[in-house]
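Good morning, everyone, and thank you for making time for this. I would like to walk slowly through one protein model, so please have the sequence and the picture open while I talk.

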Amino acid sequence: MQLSLGPLLYYWPAEQVDAFYQQAAEWPVEVVHLGETVCSRRRELKLDDWERIGKHLVAAGKQVVLSTQALIESEADLKQLRRLLDLAAEQGWQVEANDQSALYYLTEAALPFTTGPSLNIYNLRTLSNLSALGLQRWCLPVELSRETLADLQQGIAEQQLDLETEVFAYGHLPLAWSSRCFTARYHDLPKDRCGFVCQQYAAGLPMRTQESRDVFVLNGIQTLSGACCNLLDQLPLMRRHGVQVVRLSPQAEGMAAVVSQFDRMRSGELPLGQEIPLHAQQDCNGYWFGRPGMDQVNPLMD
């Protein structure tokens, strides 16, 4: 079972991004996703910068995957997508498709690819069709349950599809994207003159209920879960179901400790029940257990 770092969802200064991936090069993760997946206006890092970071990670023994935007809105976005695909082909890196536009260009170019959790892959027929088009690894959509995963894994085995399965196991869940920027609206700014205010929130802008419960995190045009998904104690079950890759979404603080605990759990060095809290926030695992996503289910009581 491998660990992967998902694409960075937040808008950090270039220095912070560089420092993060300098550390990541030393972490026990095998796969690192790079690139801007949320908003095309976030240009703190250019494609050349992602290439430089990617080469450093490859030299450190990591597999680099370039992730595409989840919401393509313009011809400029498509142009950037095509440039990203050209870079991947030049460097021999994989591309993670996060929308149908990326799928179209990848299949037209006959390039092998992976898919992120934003693509609606809900059944075996979709997996079979995408496998025939070059899909090598897919990420379970965050809203699907462990029962659905088990069914799909059984179908993959029965049809002998040459696919790896990845599960989003840690981080605020990416739930939705919009043509509007909610962070800019919070500051009474138009989207096209936002002043990049989302860079003020290294972990997104929390949205709470009147009862002070974290319900969502606003991240520019993206809406994330208010609670942090944490499936650390579910790694043994994932292994039994044949999951090959576990995804950890980059966070501004404490990421080294998160990677360390997941690494110890997958190697059997961390017994169940002896996990250390990874953050001060509320956890959630509801979707995994077929419940409302914001719920936190005790596996021993389920």
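**A walk through the model**

Let me start with one residue in a helix: Leu 124 touches Leu 152, Gly 155, Ile 156, Gln 159 and Leu 161, if we set aside residues up to four places away in sequence. Leu 124 itself lies in helix α5, and its C-alpha atom is separated by 28 Å from that of Ala 88, although those two residues are 36 apart along the chain. Before I go on, please keep in mind that this is a predicted model.

Just before that helix comes Asn 123, which sits in the loop between β5 and α5, the helix that runs over residues 124-133. Is Asn 123 buried, exposed or partly exposed? With a relative accessible area of 35%, Asn 123 is partly exposed, because the partly exposed class lies between the 20% and 50% limits. Asn 123 also shows how the chain brings residues together, since Asn 123 and Leu 152 are 29 residues apart in sequence and yet 6.9 Å apart in space, C-alpha to C-alpha.

Let me now step back to the whole protein, which has nine helices and 12 strands. The C-alpha trace spans about 50 × 50 × 35 Å along its principal axes. For a chain of 302 residues, a compact globule would have a radius of gyration near 19 Å, and the protein has 18 Å, which agrees with that expectation. Of the 302 residues, 51% count as buried, and the protein exposes about 13,900 Å², of which carbon and sulfur atoms supply 48%. If we take the contacts between residues at least 6 apart in sequence, 68% of them join residues that are at least 24 apart. As for charge, there are 25 positive and 36 negative charges, and their mean positions are 4 Å apart.

Next, two residues in strands. Thr 114 lies in strand β5, which covers residues 113-115, and at 1% relative accessibility Thr 114 counts as buried. Which residues does Thr 114 touch, not counting those up to four places away in sequence? They are Val 65, Gln 94, Val 95, Glu 96, Ala 97, Leu 135 and Arg 137.

The other strand residue is Trp 138, which belongs to β6 and counts as buried at 0% relative accessibility. Leaving out residues up to four places away in sequence, Trp 138 has contacts that include Thr 115, Ile 121 and Leu 127, and also Leu 152, Gln 153 and Ile 156. Ile 121 is in contact with Leu 144 as well, and Leu 144 also touches Tyr 122, Tyr 287 and Trp 288, again without residues up to four places away. Leu 144 has its place in the loop between β6, residues 135-140, and α6, residues 146-158, and although it is a loop residue, Leu 144 is buried, with a relative accessible area of 13%. From Leu 144 to Phe 196, which is 52 residues away along the chain, the C-alpha atoms are separated by 33 Å.

I would also like to point out two residues with an unusual sign, if you are following the backbone angles. Gln 160 is not a glycine, and its phi is positive, near 55°; Gln 160 is found in the loop between α6 and β7, where at 70% relative accessibility it counts as exposed. Asp 188, too, has a positive phi near 55° in a residue other than glycine. Asp 188 is found in the loop between α7 and β8, and it is exposed, with a relative accessible area of 71%. Its C-alpha atom is separated by 38 Å from that of Trp 138, with their positions 50 residues apart along the chain.

Finally, let us look at the rings. How many aromatic pairs does the structure hold? It holds seven. In one of them, the rings of Phe 20 and Trp 27 have their centres 5.4 Å apart and their planes at 85°, so the pair is edge-to-face. Both Phe 20 and Trp 27 are buried, and together with Trp 12, Tyr 21 and Trp 50 they form one aromatic cluster. Thank you for listening, and I am happy to go back to any part of the picture.

Definitions and conventions. Residues are numbered from 1 along each chain as its sequence is written. This is a predicted model: local features need pLDDT of at least 70, side-chain atom pairs count only at pLDDT 80 or more; totals for chains, interfaces and linings use all residues. Side-chain values use heavy atoms; hydrogens and water are left out. Helices (H or I, at least four residues) and strands (E, at least two) are DSSP runs, numbered from the N terminus. The radius of gyration is taken over C-alpha atoms; the globule rule is 2.2 Å times the number of residues to the power 0.38. Buried means under 20% relative accessible area, exposed over 50%, partly exposed in between (1.4 Å probe, protein chains only). Contact means heavy atoms within 4.5 Å. Accessible areas come from the Shrake-Rupley method with a 1.4 Å probe; for residues, only the protein chains shown count as cover. Lys and Arg count as positive and Asp and Glu as negative; His and the chain ends are not counted. The place of a charge is taken as NZ of Lys, CZ of Arg, CG of Asp or CD of Glu. Rings of Phe, Tyr and Trp (its six-membered ring) pair if their centres lie within 6.5 Å; planes under 30 degrees apart count as stacked, over 60 as edge-to-face and the rest as tilted.
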